[in-house]
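Open the model in your viewer and keep the selection panel at hand. The tour visits a ligand site, then a sheet.

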Amino acid sequence: MALDKMRIVGGNRLQGEILTSGSKNAALPLLAMTLLTRDPCELTAVPDLLDIQNMIKILRILGVDLTFLNHTVNAQTIKLNQVEAPYDFVRKMRASVLLLGPLLAKCGFARVSMPGGCAIGVRPINLHLKAFEALGAEIELKEGYVEAKASRLKGAEHTFESVTVTGTINALMAASLAVGESVFHNCAQEPEVFLTGEVLSKMGATVDGAGTKTIRIRGRNELKGFRADMIPDRIEAGTYLVASAITEGELFLRGANAEHLGAVIQKLRDCGAEIVEDVSGIFVKGKKLILPLEIQTAPFPGFPTDMQAQFMVLLSLARGRSLVHETIFENRFMHVAELIRMGADLKIKGPEVTIEGVQKLKGAPVMATDLRASASLVLAGLVSEGVTEVSRIYHLDRGYERMETKLASVGADIVRIMNQPEVEK
Ligand code: EPU
């Protein structure tokens, strides 16, 4: 694993235009969906990221004939070699659990390693499994693997106990080949779920309500191939909106969809940033005075947990006291201790962090163990006095395409230092 670092000299105002990449969290389920049909499928605007490469590797092992060139995936599944997603892959990428629904529905059997806990929480998959059971699957947990089987899934009515994004998507994928109609209640309403519904419709399933709390889906005996263009990555765009807001920058996020970022844009405006929404993207101008805020993370259309760490950097520089309440993941404050080392004044109490704004942050060597926490440290580096070195940036590479190139193109002093040996602390 590359142990590259990101070296940032803070203080530059960001100015210019950044092109938003396709969404990682939309592309991952769409890649899994190629298993649902024997026809060719084409996905465009797929971001070239570590998580995507990992998903592609697993699909190839399973037997999918797949190419990935210039952000375009062409995939066809004529015959699978195996229906098992091994531990080694699932360990690296939790989203491999998205293979369960399609494999179960298409092959009648799937064996996927149980994902363990990860840096941001325990993250069980019980809600995925309950939805499969509602559709008639038998689930067994054996030697750390989930085994799911059903000769043919049957449409059913099911209510998710709590909102789950990939759980909703997995259930929809499974129901797309079930006999009859399924109705799912308390569904996730994220744009990624909406896109899933749209693509399953293209494949021949009848889907109604994707993007709302209740989704109806009528399965088919066979599904057709599809072509789909990825939606823009709302979290990547949101991260760069914050980069502009903290550096008194003027950035245009080309391709970003303001409809997917309503809660984030509202909070940025509340902080004093100027935002102009346009059909071709979002413009943001940061102001010297940053106002304090209260933020509570929530499922879409609420404020995304995936933007919580980045906002903590912004609020660290606000005039006054802010409060951040994390309601989705129980352990998503990995960035807090590192931001404190950079001079932020943060106090954790259970799921809440109180932030007293400081005049400035100071560069330091830092690292984080999850994707969005790592992104927040890069943001902190952009606005800190002196040099910040963010290590373990393979986390960033999982979710941000060429982050250093994009930021450098709008004036940031940031470089990737290749392959630094890591010294145990
Ligand atoms: N949960 C359960 N049981 C389940 C599923 C979820 O208890 O079976 C809990 C989770 O532990 C969490 C909450 O429900 O406390 C919500 O989790 P959800 O299932 O919605 O998360 P996810 O589908 O595993 C996706 C994104 C995450 C993003 C969350 C929340 C993908 C591949 N991942 O995860 O993205 O944080 O939704 O919006 O779509 C990221 O991109 O950095 C990232 C972590």
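Helices here are DSSP runs of H or I with at least four residues, numbered from the N terminus. The model is predicted.

**Stop 1: the ligand shell.** Select the ligand and what surrounds it. You should find 20 residues, with Asn126, Thr164, Thr166, Asp306 and Ile328 the closest. Now colour four helices: α1 (24-33), α5 (126-134), α6 (165-175) and α12 (371-383). Each supplies at least two residues of the shell. Which helix gives the most to the shell? That is α5, with three residues.

Colour by domain next. Domain 1 (2-21 + 232-421) and domain 2 (24-229) each contribute at least three shell residues. Then colour by residue class: the shell holds nine nonpolar, six polar and five charged residues.

**Stop 2: polar contacts.** Show side chains and pick three residues in turn.

- Threonine 166: a polar side-chain atom lies 2.6 Å from a ligand oxygen atom.
- Arginine 372: here the distance from a polar side-chain atom to an oxygen atom of the ligand is 2.8 Å.
- Arginine 332: the corresponding distance to a ligand oxygen atom is 3.5 Å.

Add a surface. On its own the ligand has 830 Å² of accessible area, and the protein covers 86% of that.

**Stop 3: the sheet.** Select β10, β11, β13 and β12. In that order they make an open sheet with mixed pairing. β10 (157-159) and β12 (206-208) are the edge strands; each has a single partner, so one side of each lacks a neighbour in the sheet. From one strand to the next, the twist averages 15°.

Zoom in on β12 and β13 (residues 215-218). They run antiparallel, joined by three bridges. Finish on aspartate 208, whose bridge partner in β13 is arginine 216.

Methods. Residues are numbered from 1 along each chain as its sequence is written. This is a predicted model: local features need pLDDT of at least 70, side-chain atom pairs count only at pLDDT 80 or more; totals for chains, interfaces and linings use all residues. Side-chain values use heavy atoms; hydrogens and water are left out. Two strands pair if DSSP finds at least two bridges between them. Axes are lines fitted to C-alpha atoms, for helices over the stretch in contact, and angles run from 0 to 180 degrees between N-to-C directions. A residue is near a molecule or strand if one of its heavy atoms lies within 4 Å of it. A polar contact is a pair of N or O atoms within 3.5 Å; within protein, one must be able to donate a hydrogen and the other to accept it, and residues adjacent in sequence count only if both atoms are side-chain atoms. Accessible areas come from the Shrake-Rupley method with a 1.4 Å probe; for residues, only the protein chains shown count as cover. Ala, Val, Leu, Ile, Met, Phe, Trp, Tyr, Cys and Pro count as nonpolar, Asp, Glu, Lys and Arg as charged, and the others, Gly among them, as polar. Domain bounds come from an automatic or database domain assignment.
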